[in-house]
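This report introduces one protein structure to a reader who meets it here for the first time. The sequence and the model are shown below, and the discussion follows them.

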Amino acid sequence: MAFIDKQALGTDQRPIRVLLLSRYGNLGASSRLRTQQFLPYLRSHGFDVSVDVLLDDDYVSRLYSKRSPNILRIAAAYFKRIARLMQGRMFDLVWVEREVFPWLSAAAELHILRAMEVPYVLELDDAIFHRYSDHRFAVVRRSLGNKIEQLMRGAGLVIAGSEYIAQHALSAGASWVERVPTVVDMERYRSCCPEHDRFTIGWIGTPATVHFLQTVAAPLREFFLRHDDAQLMVVGAKQAEIEGIDIVAANWTEATECQEVARFDIGIMPLADGAFEKGKCGYKLIQYMAAGKPVIASPVGSNRTIVEDGTNGFLAADDRDWINKLELLYQNPGLRRSMGSAGRAVVERSFSLQAIAPRVEYLLRRAAETQASQRQDECFW
């Protein structure tokens with residue numbers, strides 16, 4: 001997607017220099033969606049963004065295939081990031097995705113960030129604070145249980161992907177918190193009816209999240225027993241298994257994900273009702289809706305705000321709800337179309353790159369300029 005800022009072109013104003021500390025490369029969904037897809041827009045609006053990737057695509061591939069990580073590559077990545085941080089004073093702003101170094105103490109990270117003498121923005125799309133505070137090992141809970149909260153308090157701005165994360169940041173003492181949803185580029189998604197003879201219930205995700213399908217295994221089995229002309233399609237987790245259900249599995253690639261979602265008749269997002277899940281941003285639902293698909297979701301976290309129950313999809317709280325809603329959408333093609341259209345309109349308005357990129361640009365600019373102004377005032381006095 002190309003962006004051209006007619007006002008920015010031809011000016012001699014110095015660009016805002018940003019160091020993006022990205023958790024993953026392009027294969028990591030959180031990094032690709034929460035930060036990297038905004039870069040073309042930011043660069044066309046007066047930002048000079050340098051990207052430092054900590055965990056590369058090899059790490060993510062190993063993670064998804066349940067292979068051991070390459071420890072030497074990870075160690076090299078940590079040293080590379082340290083070297084990059086030593087150049088921190090040349091930037092106006094540091095944009096931190098989740099944390100600077102996983103498993104490093106808050107005190108060490110804050111020392112590094114303060115030594116750079118530039119403000120930082122903390123980007124959070126998952127409730128990763130629970131991974132430390134609720135860890136099974138007591139030593140992790142004691143040493144890192146409050147790490148993310150300390151980073152929140154030290155940040156000039158916390159960008160939260162969900163209301164749950166935003167409220168946690170405020171309760172932790174963050175001075176400035178803004179909620180920014182995870183978004184899709186609407187130019188990549190087209191609303192269309194699937195061209196197949198089988199009613200397709202679709203799910204898209206990763207091997208790390210496919211276990212949530214087990215929470216609706218029973219209603220899915222009951223539905224497929226009733227309808228032999230239906231199928232379950234899973235994109236991005238070929239190892240998905242549900243006893244008694246034949247699953248159509250498709251590989252995920254960035255180039256083909258939109259076409260795969262277009263093959264669904266409805267999209268589902270089941271979740272467990274746990275602390276970590278309450279921080280989820282509901283990105284699956286946004287993808288389905290961008291493609292004009294009705295959705296069914298567990299009423300957990302951001303799902304409650306993305307799904308307008310009965311308008312663009314349904315919230316299903318228990319097995320009976322799931323069965324009833326699946327059956328209703330199966331029986332009513334007209335309802336599927338109307339809900340799909342309503343969902344796409346919601347995404348265009350509130351969950352699209354086109355709608356949200358200007359807000360991200362404004363927030364980063366304000367974070368950088370506010371801190372610069374404060375530093376000038378301190379120097380003056």
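Which strands and helices cover the buried residues of H14? The structure is a predicted model, and in it the cover includes strand S7 (199–204), strand S10 (266–269), strand S11 (295–297) and strand S12 (313–315), together with helix H10 (217–226) and helix H15 (333–350). The buried residues of H14 are Trp322, Ile323, Lys325, Leu326, Glu327, Leu329 and Tyr330.

The length of helix H14 (residues 319–331) can be checked by a simple calculation. At 1.5 Å a residue, its 13 residues should span 18 Å, and the C-alpha atoms at its ends are 18 Å apart, which agrees. At the start of H14, Asp318 places a side-chain oxygen within 3.2 Å of the backbone nitrogen of Arg320.

**The sheet around S7 and S10**

Several of the strands that cover H14 belong to an open sheet of six strands, ordered S9-S8-S7-S10-S11-S12 with parallel pairing. The edges are formed by strand S9 (247–250) and S12; each has a single partner strand, so one side of each is left without a neighbour in the sheet. On average, neighbouring strands of this sheet are turned by 25 degrees against each other, direction ignored. Strand S8 (residues 230–235) runs parallel to S9 and is joined to S9 by four bridges; Val234 has Ala249 in S9 as its bridge partner. H12 packs on the sheet and touches S7, S10 and S11, its direction making about 135 degrees with that of S7. H10 lies across S7 and S8 and runs at about 140 degrees to S8.

**The nonpolar cores**

The largest nonpolar core contains 58 residues, and Ile201, Leu220, Phe223 and Leu285 have the most contacts inside it. Helix H12 (residues 283–290) gives the most to this core, with six residues. A second, separate core has 40 residues, including Tyr120, Val140, Ala172 and Val177. In soluble globular proteins, nonpolar side chains tend to be buried together. Beyond four places in sequence, Ile201 touches Leu220, Phe223, Phe224, Gln231, Leu232, Met233, Ile266, Ile268 and Leu326.

**The sheet around S1**

Another open sheet also has six strands, in the order S2-S1-S3-S4-S5-S6, and its pairing is parallel. Strand S2 (47–55) and strand S6 (177–179) stand at its edges with a single partner strand each, so one side of each has no neighbour in the sheet. Here the average turn between neighbouring strands is 20 degrees, direction ignored.

How much of S1 is buried? Eight of its nine residues are, so S1 is largely enclosed by the rest of the structure. S1 pairs with S2 in the parallel sense over eight bridges, and four bridges join strand S1 (residues 16–24) to strand S3 (residues 93–97), also in parallel. The table gives individual partners of residues in S1.

| Residue | Partner | Strand of partner |
|---|---|---|
| Leu19 | Ser50 | S2 |
| Leu19 | Val94 | S3 |
| Val18 | Leu93 | S3 |

Helix H9 (residues 163–172) lies across S4, strand S5 (157–160) and S6, and runs at about 175 degrees to S6.

**Aspartates in loops and at a helix end**

Asp125 is located in the loop between strand S4 (120–124) and helix H6 (129–133). Is Asp125 buried or exposed? Its relative accessibility is 10%, and because buried means under 20%, Asp125 counts as buried. Its side chain makes a polar contact with the side chain of Arg98 at 3.1 Å. Apart from neighbours within four places in sequence, Asp125 is in contact with Ser30, Arg34, Arg98, Gly161, Ile165, Gly279 and Cys281.

Asp265 lies in the loop between helix H11 (257–261) and S10. Asp265 is likewise buried, with a relative accessible area of 12%, and its side chain reaches the backbone nitrogen of Thr200 at 2.7 Å. Among the residues more than four places away in sequence that Asp265 touches are Pro194, His196, Arg198, Phe199, Lys293 and Arg336.

Asp56 caps the N-terminal end of helix H3 (residues 57–64), with a side-chain oxygen 3.2 Å from the backbone nitrogen of Asp58. H3 is followed by Lys66, whose phi is positive, near 60 degrees.

Key
Residues are numbered from 1 along each chain as its sequence is written. This is a predicted model: local features need pLDDT of at least 70, side-chain atom pairs count only at pLDDT 80 or more; totals for chains, interfaces and linings use all residues. Side-chain values use heavy atoms; hydrogens and water are left out. A polar contact is a pair of N or O atoms within 3.5 Å; within protein, one must be able to donate a hydrogen and the other to accept it, and residues adjacent in sequence count only if both atoms are side-chain atoms. Helices (H or I, at least four residues) and strands (E, at least two) are DSSP runs, numbered from the N terminus. A nonpolar core is a set of buried Ala, Val, Leu, Ile, Met, Phe, Trp, Tyr and Cys residues joined through side-chain atoms within 4.5 Å. Buried means under 20% relative accessible area, exposed over 50%, partly exposed in between (1.4 Å probe, protein chains only). Contact means heavy atoms within 4.5 Å. The expected span of a helix is 1.5 Å times one less than its number of residues. Two strands pair if DSSP finds at least two bridges between them. Axes are lines fitted to C-alpha atoms, for helices over the stretch in contact, and angles run from 0 to 180 degrees between N-to-C directions.
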